[in-house]
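Got the structure open in your viewer? Let's walk through it stop by stop, with something to select each time.

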Amino acid sequence: MSEAPINTEVVIAGGGMAGLTLGLALSQAGVDVVVADTEIPATQLAPTYDGRACAIAYASFRMWEALGLGPTLQPHAQRIEKILVTDGRARTGPSLLSLAFDRRELDARPDGEALGYMLENRWTRVALNEAAARADLRLIAPAAVVAHKADAGGVTVTLKDGRAVRASLLVSAEGRRSTIRSQEGIRTAGWKYNQTAVVCTVAHEKPHEGVAHEYFLPSGPFAMLPLTDNRMNIVWTETPAISDALMKLSEADFLSELRARFGDHLGAISMAGPRFAYPLSLQLAEKFVAPRTALIGDAAHGVHPIAGQGLNVGLRDVAALAECIVDATRVGLEPGDAQVLSRYQTWRRFDSTSMALVMDGFNKVFSNDFGPLRQWRGRGMALIDAIPPARKFFMREAAGGSGDMPKLLKGEALGV
Ligand SMILES: Cc1cc2nc3c(=O)[nH]c(=O)nc-3n(C[C@H](O)[C@H](O)[C@H](O)COP(=O)(O)OP(=O)(O)OC[C@H]3O[C@@H](n4cnc5c(N)ncnc54)[C@H](O)[C@@H]3O)c2cc1C
């Protein structure tokens, strides 16, 4: 006799940063949730699993605080006080053309609103998993979702070990290789960039003062992003062949290559963890919903990390979908009702598609050594640098504080 299905209101495939945030938001608002992930938390929390650190917009951080993650995240969150953007040229290194975003232009108080926070993904995952363990949320792992079937009354999800979960709504938070998206026949538009990001963390002697540096070099951006305890997360974008070679270098040789780009303004540097490589691509789902199914995060849109927006866009999906579900259940609709899905898609699709295309455009314009284009972008940067309202506009956009913001991103609870 086969086992009875696990019954719930919402089943989320994928307990990464987007999936677990949605699970927490819904369970705190009184919605019954099951989150299934292929990997057990111990694997995802190991230092060798994910070497990235994300620039977290002020609004995204406020949402995590509203969900109770503040005390766990704060000791690991590095305030971004200033961002220095410098245009570079092939063989001659960074040029003098630069653009500075200083948060004091928005808020002069010493402890005023930061431009955002740098948070290592590992600590974000720790905070989310701890909060999930405290919440009324069922996290099943290892549990890969291998099939699903929607009908008029709900959706039945099959896990790899044969168990079944019956819910009103299925959410794919499975990342770029979403099985559910393929099974629904939802096509994606996009392309591979001829770029791979080599990511690592370095420790340095002198304080970074919360300053993030981004050099636009012809092969792609080279970013130095401040972390707590005198460390910087490096995102070094090169062609796949060069990245491959960088990954194979001995630690000493890698460090000496890195030093040539990092400079000596922060004193001596040393490696503070392993190297990771991430091939970069653009991937946009043609739609974010199907009957009783919604896509969030990278399953819906994978964007270029040039301005650190991928997860922030995913968290906007989370906040919007959670609000659509909670508002609907309050008036007696089910989470998987077609009206919930339609409201979610209308709310999110334009914003995430435009963000993905803007990031794609930035990458094309800046990862380029074509003479006339270089002159134009230099002029554009000088213009923005000379006009304080233009700089303030970009800073407010990066903080994620504009447009039709869902409640959670404003730091408001969803309520039951
Ligand atoms: C180099 C680099 C730097 C970046 N920097 C930034 C930044 O500064 N700021 C920012 O906002 N974003 C940044 N991003 C983007 C950010 O990392 C991603 O947007 C984010 O990690 C996506 O999270 P997710 O939860 O949607 O997907 P994922 O992290 O891919 O999580 C998917 C989860 O689903 C699980 N899963 C997959 N398939 C199944 C299945 N069938 N059943 C069950 N579980 C499944 C996986 O095990 C995983 O846990 C960066 C990306 C890169 C590559």
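Start by selecting Cys 54 and Leu 119: Cys 54 stands opposite Leu 119, which sits in β8. Keep in mind as you look that this is a predicted model. Now widen the selection to the strands around that pair. β4 and β8 (residues 117-120) run antiparallel to each other, joined over four bridges. Add β5 and you have an open sheet of three strands, ordered β4-β8-β5, with antiparallel pairing. Its edges are β4 (53-56) and β5 (78-79), each of which pairs on one side only.

**Next stop: the helices by this sheet**

Select α5 and you'll see that this helix lies across β4 and β8, running at about 80° to β8. Now bring up α1 (residues 17-28) alongside α5 (residues 121-134): the two axes come within 10 Å and cross at roughly 30°. Angles under 35 degrees count as roughly parallel, and α1 and α5 are therefore roughly parallel to each other. Their crossing is left-handed. To see the contact itself, show side chains for Met 17, Leu 20, Thr 21 and Leu 24 on α1, then Asn 121, Thr 124, Arg 125, Leu 128, Asn 129, Ala 131 and Ala 132 on α5. What kinds of residue meet in the contact of α1 with α5? Six are nonpolar, four are polar and one is charged.

Move on to α3 (residues 58-66) and colour its buried residues: Ala 59, Ser 60, Phe 61, Met 63 and Trp 64. What covers them? Switch on α1, β4, α4 (70-73), β8, α5 and α9 (310-330), which are among the elements doing the covering. Just after α3, click on Gly 68, where phi is positive at about 90°.

**Over to the second sheet**

Select β1, β12, β11 and β10, in that order, and you have an open sheet of four strands with mixed pairing. The edges here are β1 (6-7) and β10 (145-151), each pairing on one side only. Which sense does each pair take? β1 and β12 (residues 164-167) pair in the parallel sense, over two bridges; zoom in on Ile 6 and you'll find its bridge partner in β12, Val 165. β11 and β12 are antiparallel over four bridges, and Val 165 turns up here as well, as the bridge partner of Val 157. β10 and β11 (residues 154-159) are antiparallel too, over six bridges, with Val 145 partnered by Leu 159 in β11.

Trace the chain through the turns next. A hairpin of two residues takes you from β10 to β11. The hairpin between β11 and β12 has four residues in between, including Gly 162, whose phi is positive at about 95°.

**Last stops: some backbone details**

Go to the loop between β9 (138-140) and β10, where you'll find Pro 142. The peptide bond leading into Pro 142 from Ala 141 is cis, with omega near 0°.

Then pick Glu 209, in the loop between β14 (188-204) and β15 (211-217). Glu 209 is not a glycine, yet its phi is positive, near 60°. Is Glu 209 buried or exposed? Its relative accessibility is 58%, so Glu 209 counts as exposed.

Finish at Arg 292, in the loop between β20 (289-290) and β21 (293-295). Arg 292 is another non-glycine residue with a positive phi, about 60°. With 10% relative accessibility, Arg 292 counts as buried.

Note on methods
Residues are numbered from 1 along each chain as its sequence is written. This is a predicted model: local features need pLDDT of at least 70, side-chain atom pairs count only at pLDDT 80 or more; totals for chains, interfaces and linings use all residues. Side-chain values use heavy atoms; hydrogens and water are left out. Axes are lines fitted to C-alpha atoms, for helices over the stretch in contact, and angles run from 0 to 180 degrees between N-to-C directions. Angles under 35 degrees count as roughly parallel, over 145 as roughly antiparallel, 65 to 115 as roughly perpendicular and the rest as oblique. A crossing is left-handed if the near helix is turned anticlockwise from the far one by less than a right angle, and right-handed if clockwise. Contact means heavy atoms within 4.5 Å. Ala, Val, Leu, Ile, Met, Phe, Trp, Tyr, Cys and Pro count as nonpolar, Asp, Glu, Lys and Arg as charged, and the others, Gly among them, as polar. Two strands pair if DSSP finds at least two bridges between them. Buried means under 20% relative accessible area, exposed over 50%, partly exposed in between (1.4 Å probe, protein chains only).
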